[in-house]
Amino acid sequence: MKILPYSVNKKEVWNAFVEESKQGTFLLDRNFMDYHADRFFDCSVLVYSDDIDDVNIDSADNLIALFPANWVQEEKTVYSHQGLTYGGLITKPDVTQVEVLKILQKVFMYYEGYLGARILVYKPIPYIYSSVPNHEDLYALFRAGGQLCSRGVSTTVSVQHPLNMRTLRIRQAKKALENGFYIERVKDGEDTCLREYWAVLETVLREVHNTKPVHTSDEMSLLMGRFPRQIRLFVVKNAEARVVAGTVVFETNTVAHIQYIASSAEGKKYGALDLLMRHLCGERYKDKEFIDFGISTENGGRYLNEGLIFQKEGFGGRSVCYDTYKVELQRDVLHKMHEGLEEMGTRMMVKFLDLKALSQSFEPVLSNNMLRVIKSGWYLLGSENKQFEENWCKYVGSQHAVLCANGLDALKLILRAYKKIYSWSDDNEVIVPANTYIATVLAIREAGLKPVLVEPQMSDYNIHAEQCKRAITDKTCAILPVHLYGRVCDMDEILSLAREHNLCVIEDAAQAHGAIYKGRRAGHIGDAGAFSFYPGKNLGALGDAGCVVTDDKQLADMVRSMANYGSREKYVNEYEGVNSRTDELQAAVLNVKLPRLDADNAHRRKIAQRYINGIKNPMIVLPQMPEDEMEAVWHVFPIRCAERNSLQTYLKEASVETLIHYPIPPHMQEALKELFGNVSFPITQRIHNEELSLPISPIMTVEEADYVIDLLNKFVV
Ligand SMILES: *Cc1c(COP(=O)(O)O)cnc(C)c1O
């Protein structure tokens, strides 16, 4: 960024930039720097972008901002305004908040270093005048430690949307007409009339406000001669053609500024100003955007003149704040203005799942509840477990819920219990998708059963009855569908196939908490369901936990006993059980988080829909939103891309975290190679080669999603 002081030969550049700028609607088509030649020369600056080596002063290319200001040496103070009702930074329309921060930092440091300025008085342009109603400069002032030091209230008529003119004002205007009052525009050179009005103005200011106009009538005459199209004087004359009221108007393309308004006692009595204002608002300036009445203060700005404010409202105006900020130009503070924002400003960081922020979003209830458990002195198989099992039954709709240590155990316990109940043997087979997380397969193995892998369908990445049917043998005892990525399998067809062949259906619902399939929650569609509450799942603990749900009492009882060393009664062991429990602290966490699960899933759905609507890149295959959107809870948002690895690198470089679910399918894992031998599952392998999971979570923002969408749409190989 390069800062250059203003000089007369940059006048054209300055004016051209103002016209194009964000705040240009206000500032000013009236040759600002010419008009203020007496005050804004000494320290107004132009700000160019880095791209420029040798500043080309004849063009506005690379110019990003202007800062009109003046310097009062004795006060060591820079004013971004002086006696005017505005000031502040003028920027290109597309500059961002962070860019404004950088620009102002640079400008402030320039004043501090170059001029030895100690204080800057800054007056932002009121938002109503900027084409985009943002105040990026206020943020920068905040970072610089700026303090609000005064506030003025002006009244502005938004000409296209004014309030109704008050009846009283209309009546007064009529009275003025009835008394023979009329309006005249004083042309350049008609100095007698100007002087006559100035006498009225000076009297009013002296007698009522104990002050006098900033300009003498001679100076005003000079200014009007110099800017004949921008400065106009309107007067109201009585029947004898004597001036009884008037105002000076400074015009810009969009705004008419009413200044130096006054009325003699006679004018007041007969509504001269009402007549004048009705004319200006309703006729003369009806094509402008705003009519500004200026600040209504009294006694050197110490009081608001409420009477004036209400009077102006009577002409259709509303109040607008003109604030002034004071910045102490201290180097160390200025240096910090932008510290640490470099990264943030240039790009967004999108985590795959920000668990820290997620936990934070449950505070302080989360910590309070954990503390309560700690203080209770009871840490296993206690009231928190009982409470959650009840809550989870109610939520899922099942008759039983049994907490255990994790999702793997939940699956394993179901399989081991059924094995016992139905007397399955070690060569019985369980049908399972080839493209699942390895836990599903390991659970079957650990229960001493044989996993039989089947291919999923590309449409939903889940197994379907058709493929399962082909895998059924006389050894098959169960189907174990996985609701992968949070999308429920087509369970009707799987269930009817299972009934036909007398098979159990055990759902791996570890990714599908809360999904609803034809009125039933995932996990409660088949004979039994297994959940994991691993921290990253849709409902996650702050550690490991899992749960079995079923309507089968015998199964539930056996699972509960098996999970607790095979014992129903302390120290009496019926089965060779295991130790698989959810501790009270984790159950307490789940009790806190469960009430928000539906809302969290709805948020995931919203992000998913945004991705689906927004991502338009022929290289990317999107997952489908199910016809009934409740069937998916979007544990993962899986896209596919033939160039998956370079896409992942590309996103990583733009600070977007992604994961692959999963890079290696179970049958190709070293651990299971021997078991499955040289089988090939082309659909599964293709998914594993092409899948990429985009960030999605209950705390992901729409802005983050849009950032990701934008990146994906720009991705090319
Ligand atoms: C997470 C997960 C599991 C295992 O759950 P843990 O609690 O980690 O043991 C099993 N199956 C699927 C599909 C999973 O996503």
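## The pocket that holds the ligand

In this predicted model, the ligand takes up the space of the second largest pocket. Two helices, α16 (residues 407-421) and α17 (residues 438-446), are the elements that each contribute two or more residues to the shell around the ligand.

The second largest pocket encloses about 670 Å³ of space. Its lining is made up of 33 residues, and those closest to the centre of the pocket are Y437, Y534, K537, H635 and Y662. The elements that supply two or more residues to this lining are α16, α17 and the strand β24, which spans residues 528-532, and α17 gives the most, with four residues. Sorted by class, the lining has 20 nonpolar residues, nine polar ones and four charged ones.

## The shell around the ligand

The residues that surround the ligand are N406, G407, L408, Y437, A439, T440, V482, D508, A510, Q511, S532 and K537. By class, this shell is divided into five nonpolar, five polar and two charged residues. Y437 and K537 belong to the shell, and both are also among the residues closest to the centre of the pocket.

## Polar contacts and burial

Oxygen atoms of the ligand are approached by both backbone and side-chain atoms of the protein. From the backbone, an N or O atom of G407 lies 2.7 Å from a ligand oxygen. From the side chains, a polar atom of Q511 is placed 2.8 Å from an oxygen atom of the ligand, while an N or O atom in the side chain of K537 is 2.6 Å from a ligand oxygen. The ligand taken alone would expose 380 Å², and the protein buries 91% of that area.

K537 therefore appears in each of these descriptions, as a polar contact within the 3.5 Å limit, as a member of the shell and as one of the residues closest to the pocket centre.

## Backbone features worth inspecting

Y662, one of the residues closest to the centre of the pocket, is joined to H661 by a cis peptide bond, with omega at about 5°. In the chain, Y662 lies in the loop between α23 (residues 644-653) and α24 (residues 670-676).

A second backbone feature concerns S423, a residue other than glycine whose phi is positive, near 55°. S423 is found in the loop that runs between α16 and the strand β18, residues 429-433, and α16 is also one of the elements that give two or more residues to the shell around the ligand.

Definitions and conventions: Residues are numbered from 1 along each chain as its sequence is written. This is a predicted model: local features need pLDDT of at least 70, side-chain atom pairs count only at pLDDT 80 or more; totals for chains, interfaces and linings use all residues. Side-chain values use heavy atoms; hydrogens and water are left out. A residue is near a molecule or strand if one of its heavy atoms lies within 4 Å of it. A polar contact is a pair of N or O atoms within 3.5 Å; within protein, one must be able to donate a hydrogen and the other to accept it, and residues adjacent in sequence count only if both atoms are side-chain atoms. Accessible areas come from the Shrake-Rupley method with a 1.4 Å probe; for residues, only the protein chains shown count as cover. On a 1 Å grid over the protein atoms alone, a cavity is a set of points where a 1.4 Å probe fits but cannot get out, and a pocket is an open set with protein on both sides within 12 Å along at least five of seven lines; lining residues have an atom within 4 Å of a point. A molecule sits in a cavity or pocket if more than half of its atoms lie within 2 Å of its grid points. Ala, Val, Leu, Ile, Met, Phe, Trp, Tyr, Cys and Pro count as nonpolar, Asp, Glu, Lys and Arg as charged, and the others, Gly among them, as polar. Grid points are joined across faces, edges and corners, and a volume is the space filled by probe spheres set on the points.
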